[in-house]
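Student: I would like a close look at a single part of this structure, taken slowly and with its surroundings included. Please choose one element and follow it through in one connected answer.

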Amino acid sequence: MIWSISWKNVWRNKVRSLVVIVAFTLGIFGGLYMVAFFYGMAESRIKLAIGNESSHIQVHNPLYLENNELKYTIDESPEIVAQIEKIPQVLAVSPRIKVTGMANTSGNASGVMINGVDVEKERLVTGISESIARNGGSFFKESGRKPIVIGEKLAKTLKLTYYEIQDEDLDILGERKNLRNIIPVLDSLKGKSFRSESEFDHALANLLGKEEAEKASFRIKQSAIKYRLKRKIVLSFQALDGNIAYDAFRVVGVYNTGNTGFDGLNVYVRNTDIASVASLMPDQVNQIAILLHSVEEDKMVAEQIAGLMPGADVQTWDEIMPEAAMYSEIMDYFLFIFLTFILLALGFGIVNTMLMAVLERVKELGMLMAVGMNRRRVFRMIMLETVFLGLTGAMAGMLLAYLLVWWTGNTGVDLSSLYQEGLEAMGIATLVYPTIGWDAFFQITFLVILTGILASIYPALKALKLNPAEALRVDM
Amino acid sequence: MKFIEIRDLQKIYNDSEHEVHAVRGIDLSFEEGEFAAIAGPSGCGKTTLLNILGGLDEPTRGTINIGGTNVNELKSSERINFRLNNIGFVFQAYNLIPVLTAKENVEFIMHLQGRPKAERDARTKELLEAVGLGDRLNSRPSKLSGGQQQRVAVARALASKPKFILADEPTANLDSKATENLLDIMEKLNKEENITFIFATHDARVMKKAKRVIYLEDGKILKDEVK
């Protein structure tokens, strides 16, 4: 009955209660959605990183991990790969020759990680083959002598890019409402080729004015960028015998995973091409990357593989990229800290409201104590009232947050027009799918109840200090 | 020993500057089944006496014994329980819980006592019928007239099956018809169920109905008149 009285008391002064409830609704909604958003970002970072970089499991010669040298190999790889492929949870396996080296063009040089891959197997394990840029050729579709696929970032470094606006680019830009009005202006740049980004920037600024150019340049450049395919890159690295080996490769593809750090470093060549240059045996590799059907089975499969290959080092994705795995853990702390601050602020609001509610009910509380409601019950009544007040708002906030997370979690939130460059540098996709686990909702419910209980202490103590005889005499 | 015995009761309020002697040595006793009024002008000490009698206030000196319990020796939490189980209160301003219906207001006291639901329901209905509100069980106080609210208050006071009922100016806010109606109901309960009523009042209509009137003046008994 005290529960029902407390609940009814909440609705005594509807406007005042609603103010607090709305404050809770907005606070909880805002906090939750923000965290869901960051969770979404973290998750997309992890997904991208697994899909393009680490895969679920990697196997190395333990010495290779200490010292990324070509000579630390896994031998007899075809048999091992065949055995791993038989594990039912395994989706695909890609053996790789991996060696650090230098990439040189006539324009520039850059340190790279050379990945010698079995093209067909690699296609199934990573998303690189699907991340080929527009106008960026293909992932080893063209046969020819010693092809190489590089990242867009590296292509820029090695001066294998240029900027030229073509009809098709204008069509693509025209699909964006906010750019439609500058299309006719851009038309005058059509067919002109700019060798560097700064030259193109300059031309855009002259054409559109500085401010307008700054706003639109990211999109325009994204469309206008072209790659000098079929150009030669010379790769050099330390071969198995300790000498520097080098060979020329022809660019057949340019990929863009959305993580510029990765794209600036990794180049892909056929394993047969690199093995001959490095004088490796055909069945020697440095790394076996494994993609599973589902990430949940990673530890179990890793153990199984470790059983198959006693001497090898088997790592799961979170061991390979602890920084990516850390993201989601950090979000848990974020959620906790955010909500603590939000609830602290809301808690003071609720103290104020409850204090008003107690002080205007002095006479009634005096009567309740006079007729025999003991202190514990009075305290409980006021505490429940406070908790109800907070919880009502929190429930509404959680519902709103849930609905918006569900909705935007399906459609995605497009950040590309705002921060694509920055996000790509961090390896985060520009389309964020907010997501949040049920545990967050439980955590919040718990924290709100705790806030309610804490916030009720002061008003309740005020009420308990009342002397029933005096309280009854107060003229309201 | 009498049912209620008050010995050498004194109450001094320490107002910021000077002391106020609200009650200056009262000896008084009540039998079970009395229908008594404590009367006198405002400031004579009748509300103070009633509050002390009801365990809402502590005397500066003296003892109150109710049915064998020395009330002023009880701890504050024990006093609350004592009030809950032994005393029914009716206040001048009705003081019902506004968010509860008439039925719930009466039931609430029995809920505090921990009585089972079936008993609460039956007794609530019975009591509200006794005060003539059998048809207003589900009305909230704001939908009831002053007289009706005070009758709910009487039903509430009776709900706990108290040893006696203390009523502080119960008719002060009522018109004469409602007053008469209320007094008739209380008189009937007194006669038929032998329930003890003690009023503090300066309402002539109440004094007229009372079987005993104790006149106070300046914190002392002026006259104790049994009709």
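Tutor: What follows is a walk along one strand and its partners, and then a look at a helix and at the contact between the chains. Please keep in mind throughout that this is a predicted model. The part to look at is strand β2 of chain A, which covers residues 90-104. To place the strand, note that the domain assignment of chain A gives domain 1 as 2-48 + 324-473 and domain 2 as 55-320, and that the C-alpha centres of these two domains lie 47 Å apart.

Strand β2(A) pairs with strand β3 of chain A, residues 109-117, in the antiparallel sense and over 9 bridges. The link between β2(A) and β3(A) is a hairpin of 4 residues, and within this pairing A:T100 faces A:M113 of β3(A). Strand β12 of chain A, residues 287-292, is also antiparallel to β2(A) and is joined to it by 6 bridges; here A:V90 has A:L292 as its bridge partner. A further antiparallel pairing, this one of 4 bridges, connects β2(A) with strand β9 of chain A, residues 232-238, where A:G101 stands opposite A:F237. As general background to such pairings, the side chains of a regular strand alternate between the two faces of the sheet.

For a helix to set beside this strand, turn to α19 of chain A, residues 438-464, whose 27 residues reach 38 Å from the first C-alpha to the last, close to the 39 Å expected at 1.5 Å a residue. Helix α19(A) nevertheless bends by about 40° at A:I457, and a proline, A:P459, follows within four residues. That proline, A:P459, is itself buried, as are other residues of α19(A), including A:A440, A:I444, A:V448 and A:A463. The cover over the buried residues of α19(A) includes four helices of chain A, namely α2 (14-54), α15 (322-359), α16 (362-371) and α17 (375-411).

Finally, chain A also meets chain B, with 18 residues of chain B in contact with 18 residues of chain A. On the side of chain B that touches chain A, α2 (76-86) and α3 (102-113) of chain B each supply at least two residues, and α2(B) gives the most, with 5 residues. Sorted by class, this side of chain B has 11 nonpolar, 5 polar and 2 charged residues.

Conventions: Residues are numbered from 1 along each chain as its sequence is written. Chains are lettered from A and ligands numbered from 1 in the order in which they are written. This is a predicted model: local features need pLDDT of at least 70, side-chain atom pairs count only at pLDDT 80 or more; totals for chains, interfaces and linings use all residues. Two residues are in contact if their C-beta atoms, placed from the backbone, lie within 7 Å. Ala, Val, Leu, Ile, Met, Phe, Trp, Tyr, Cys and Pro count as nonpolar, Asp, Glu, Lys and Arg as charged, and the others, Gly among them, as polar. Domain bounds come from an automatic or database domain assignment. Two strands pair if DSSP finds at least two bridges between them. The expected span of a helix is 1.5 Å times one less than its number of residues. The bend at a residue is the angle between axes fitted to the seven residues ending there and the seven starting there. A residue is buried if 20 or more other C-beta atoms lie within 10 Å of its own, exposed if 12 or fewer, and partly exposed in between; C-beta atoms are placed from the backbone.
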